[in-house]
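Thanks, everyone, for making the time. I would like to walk through one model this morning, so please have the sequence and the structure open while I talk.

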Amino acid sequence: MSDFKSNNKVVNWIEERLPVFSMMQHSAIEYPTPRNLNYWWNFGSLAAVMLIIMILTGLFLAMNYSSHTSLAFDSVERIMRDVNYGWLLRYLHANGASMFFILVYIHIFRGLYYGSYKSPREILWFIGIAIFLAMMATGFMGYVLPWGQMSFWGATVITNLFSAFPVVGDYIVTLLWGGFSVDNPTLNRFFALHFLLPFVIVGLVVLHVWALHTVKSNNPLGIDMKGPQDSIPFHPFYTIKDLYGIGLFLMFYMAFVFWAPNFFGEPDNYIPANPMVTPPHIVPEWYYLPFYAILRAFTFDLPLLPAKLQGVLAMFSAILILFALPWLDSSKVRSAKFRPLYRQFFWLFFVDCMVLGYVGGKPAEGVLIKVGQFCTAYYFAHFLLILPLLSRIEKPKPLPASIAQPVVKAAALLAMIGFGIAGFGGQAQASSAGMPEFKKPAAAFSWEGMFGKHDQAALKRGWQVFHDVCANCHSMKLVAYRNLADIGFTADEVKAFAAEKEVPDEPNDEGVVNNRPARPSDRIVPPFANDKAAAAANGGALPPDLSLMNKARPSGPYYVYSLMLGYEDAAPEGHPIPEGKFFNHYFPGNAISMPAVISDDIVAYADGTKATKEQVAYDIVTFLNWAAEPELDARKSMGVKVMVFLALLTALMYALKRQIWKDVH
Ligand code: HEC
């Protein structure tokens, strides 16, 4: 029993019956921690913070989400538009998933570099791998929930992998789907499991920390603590260091949430799931890409072992092999600091994983297939050949006698952030390749930049363009007339816009359904009764709903702006355009069914602005951007406040940390 005694009677009363206070005292306050941990040791607690954020935001999202195929997409958009701060919850959650993986990947590579998987920490390491696996399953199922195109097709591709297993494969897939394709039962069970698994992760994290506290933390030198001179109590030394790290991390995370909330997402997922239309390029979320590359690296069928099965087995082995790591690498020295050869191979392995990630995000063609195959082979060679060999031949540098030496000061966190931004920036750039350079308006769009907002005058003009021109063919089903009040129209104007259209009324007392004028609470009334009628009136091509258009195409605003101005009266030489289609420089394939709808003076602006076609294009794109991101202005101004707050808080934590640590160094 512990020697815990408090002055507080209630605390003592509880403590005698359930020793929670002594446990906390033991594991969060006194816990003897190596005094030399560097910033790479921040990522475990950061991941724990992230897990809590995910569970909390997820809980509130679940209160507003509908897991039915016909409601899911719209329920997410309702969260974005009509639930108070729903956009914040969703963006915190969606970007949080990426952050969680960034943190955990860094945490894993930290473990690899410093040999944290070695004796006596094997079970600690196993539990970590289990957490990673559970995270992958959770992330995958979460991505399906918004029921966009990528949700649907990602789910289809990944679940289909199981069909590669002989005999039982098809049975497993049917079982996963709950039917004969990805459909409503699939979505429902994914939602149930997506809600459940995070709590399994919590359980695993408890075990992980329990194992950690049993064997104690590893440290950058990888040598054991030999006595009290080597350790310091967890609190206040590491609590403050963790808090400082959390401040820095939150700034990184919030930068995405408030300024680039769709950075890690795919534009295609803003198109509702459609089993009849396969997107040209199906990619999983970035955090699966290295494994996706391994999956696709196998292209030769062998007897009894078709390529697909090889790929699936390799992909699972790529993770499961981590379980064998403590034995594959049998070197007694833990830290790469004292293993000159291992250190170099560690970095080669790191680069190999990055290249695999890059290859996984690209279409499997040309030289990339070979690169993917080489890197896959190297991935396994690292574990199966290089590590066992190194453990034999490497001559480690002499280990220091004890930990009690200056604490390593690292600018590591900043380096990590830099590398992260660089890596993902490359990824983002790659996704808009293969398109002609987009046209840009003479003056940048008003909402660009850190402080940019939608320009109200342009929004009102844009509505006029939509109303007079686009709305003859396109719907905008996610926006209600009442929303127009947000761009500066008066209540009477909004009423008048609504009243121009009719919608079916409730059945009257005789059961007859009459039409009534639309009200501000109605969604913008579509020009056609249904999609079939809309397509029929447009030569067979359905004019897509414009509510989310700016988010549903790569570089959306620039794309739409360019599309509007990208028509050619006659198709250029060698570009035959089918009957009823028009040549457009920016439309994929160049033959578009939409005629050139804007030209100079196509509208007479109520505010007297001259309606050049560039002006019209600018205004309609501004309006469409508001339709797609009505929260943008609020989001950015909240972002500025949050950042100022976090910067001050982090500075304070840093100062405190300096103060608390000043006698330790
Ligand atoms: C005469 C009917 C008509 C009008 C008016 C019209 N469109 Fe279209 N639009 C279409 C059709 C049809 C398509 C589908 C084209 C295709 O798939 O080939 C389309 C497609 C689009 C697309 C999607 C292109 C893509 O990448 O899939 C955008 C964006 C678009 N229209 C914007 C507008 C805007 C903005 C306006 C108003 C300025 C407008 N449209 C007015 C018929 C129209």
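Leaving aside its neighbours within four places in sequence, which residues is Cys470 in contact with? Please bear in mind, as we look, that this is a predicted model. The contacts of Cys470 beyond that sequence window are Val465, Leu546 and Ile620. Cys470 itself sits in the loop that runs between α16, residues 456-468, and α17, residues 491-499, and it counts as buried because 23 C-beta neighbours fall inside 10 Å, where 20 or more are needed.

His474 is placed in the loop between α16 and α17 too, and it counts as buried because it has 25 C-beta neighbours inside 10 Å. Once residues up to four places away in sequence are set aside, His474 touches Pro543, Asp545 and Leu546.

Let me turn to the annotation. An unreviewed UniProt entry lists Cys470, Cys473, His474 and Met594 under "binding site"; these residues are spread over 125 residues of sequence, yet they cluster in space, with a largest C-alpha distance of 10.6 Å.

As for the ligand, 21 residues surround it, and those that come nearest are Cys470, Cys473, Pro543, Ser593 and Met594. Sorted by class, the shell around the ligand comprises 16 nonpolar, 4 polar and 1 charged residues.

Finally, elsewhere in the annotation, the unreviewed UniProt entry assigns residues 224-401 to "domain: Cytochrome b/b6 C-terminal region profile". Over residues 224-401 the chain is 58% helix and 2% strand, and the C-alpha atoms at the two ends are 10 Å apart.

Key: Residues are numbered from 1 along each chain as its sequence is written. This is a predicted model: local features need pLDDT of at least 70, side-chain atom pairs count only at pLDDT 80 or more; totals for chains, interfaces and linings use all residues. A residue is near a molecule or strand if its C-beta atom, placed from the backbone, lies within 6 Å of it. Ala, Val, Leu, Ile, Met, Phe, Trp, Tyr, Cys and Pro count as nonpolar, Asp, Glu, Lys and Arg as charged, and the others, Gly among them, as polar. UniProt positions are given in the numbering used here, feature names are shortened, and annotations may be inferred rather than shown by experiment. Helices (H or I, at least four residues) and strands (E, at least two) are DSSP runs, numbered from the N terminus. A residue is buried if 20 or more other C-beta atoms lie within 10 Å of its own, exposed if 12 or fewer, and partly exposed in between; C-beta atoms are placed from the backbone. Two residues are in contact if their C-beta atoms, placed from the backbone, lie within 7 Å.
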